[in-house]
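Student: I'm new to this structure and would like a close look at one part of it. Could you pick a single spot and walk me through its surroundings?

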Amino acid sequence: MIRLLALLCVLALPAVAQEPILRSEIDEAEAIPGQAVSLRLSILVPTFLPDPPVWPSYEAPNLLVRVAATSPVSERIDGVTWSGVSRRYLIAPMVPGAMSLPAQEIAVTWADPETNAPRQAVLSTAPLTITGVVPEGTEGLDPFLAADDL
C-alpha cells in the first residue's frame, strides 16, 4: 500500500523542465601567431530549435576569428535523443602574448517539451585565454613572420 501511495505521489509531480546544454571545447590554448586554434560550441535541447541561436563573434584586437562550420548535432541524454547545433570557430592570435576573451552569451530559442511553445534561454560560455607563442629561436624577430619560405 505504501509503495502504491509513493508511486501515485511521484506520478502526480510535474515534470522537471529540461534546460538547454552548452558544451565548449578548445583544442589548444596556444598557437604561433597566424595559426588558428579550434573552438567548438555545441548547444543541445530536448526538443528542437525553431530559430537559430545568436552566436558570439569572439572578435577582439590582435585576433583573427573565422567561423569554420555550423552543423546539426544530436546526442542521447538519459535515454532520450536531444538535438541541437554546433559551431566551430578558428581563432588565430596575430601577435605574441596572451589574449583574454571574456565570457560570451548565446541566446537560444527552443521548443517547450510539453507544449512546443517557444522558450528562450541565455547561455554563457566560459572565459578563454589564447596565447600567441613564437617558436624557439625567433624571439628577437621584429616583426615575427610565420612562413615556410620568403
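Tutor: Here is a walk from one residue out to the sheet around it. Keep in mind that this is a predicted model.

Let's start at Ser42, which you'll find in strand β3, the stretch covering residues 37–45. Is Ser42 buried or exposed? Its relative accessibility is 15%, and since buried means under 20%, Ser42 counts as buried.

So what does Ser42 touch, once we skip its neighbours within four places in sequence? The list is Ile21, Leu22, Arg23, Val85 and Ser86. With Ser86 there's also a polar contact, side chain to side chain, at 3.2 Å.

Now zoom out to the strands. Ser86 and Val85 fall within β5, which spans residues 80–93. Strands β3 and β5 pair in the antiparallel sense, over 9 bridges. For one place where they meet, look at Val37, whose bridge partner in β5 is Ile91. On the other hand, Ile21, Leu22 and Arg23 belong to β1, which runs through 21–26.

Put these strands together and you get an open sheet of 4 strands, ordered β1-β3-β5-β4, with antiparallel pairing. At its edges stand β1 and β4 (63–77); each has a single partner strand, so one side of each is left without a neighbour in the sheet. On average, neighbouring strands here are turned by 15° against each other, direction ignored. Going back to our starting point, the strand that holds Ser42 sits between β1 and β5 in that order.

Notes
Residues are numbered from 1 along each chain as its sequence is written. This is a predicted model: local features need pLDDT of at least 70, side-chain atom pairs count only at pLDDT 80 or more; totals for chains, interfaces and linings use all residues. Side-chain values use heavy atoms; hydrogens and water are left out. Helices (H or I, at least four residues) and strands (E, at least two) are DSSP runs, numbered from the N terminus. Buried means under 20% relative accessible area, exposed over 50%, partly exposed in between (1.4 Å probe, protein chains only). A polar contact is a pair of N or O atoms within 3.5 Å; within protein, one must be able to donate a hydrogen and the other to accept it, and residues adjacent in sequence count only if both atoms are side-chain atoms. Contact means heavy atoms within 4.5 Å. Two strands pair if DSSP finds at least two bridges between them. Axes are lines fitted to C-alpha atoms, for helices over the stretch in contact, and angles run from 0 to 180 degrees between N-to-C directions.
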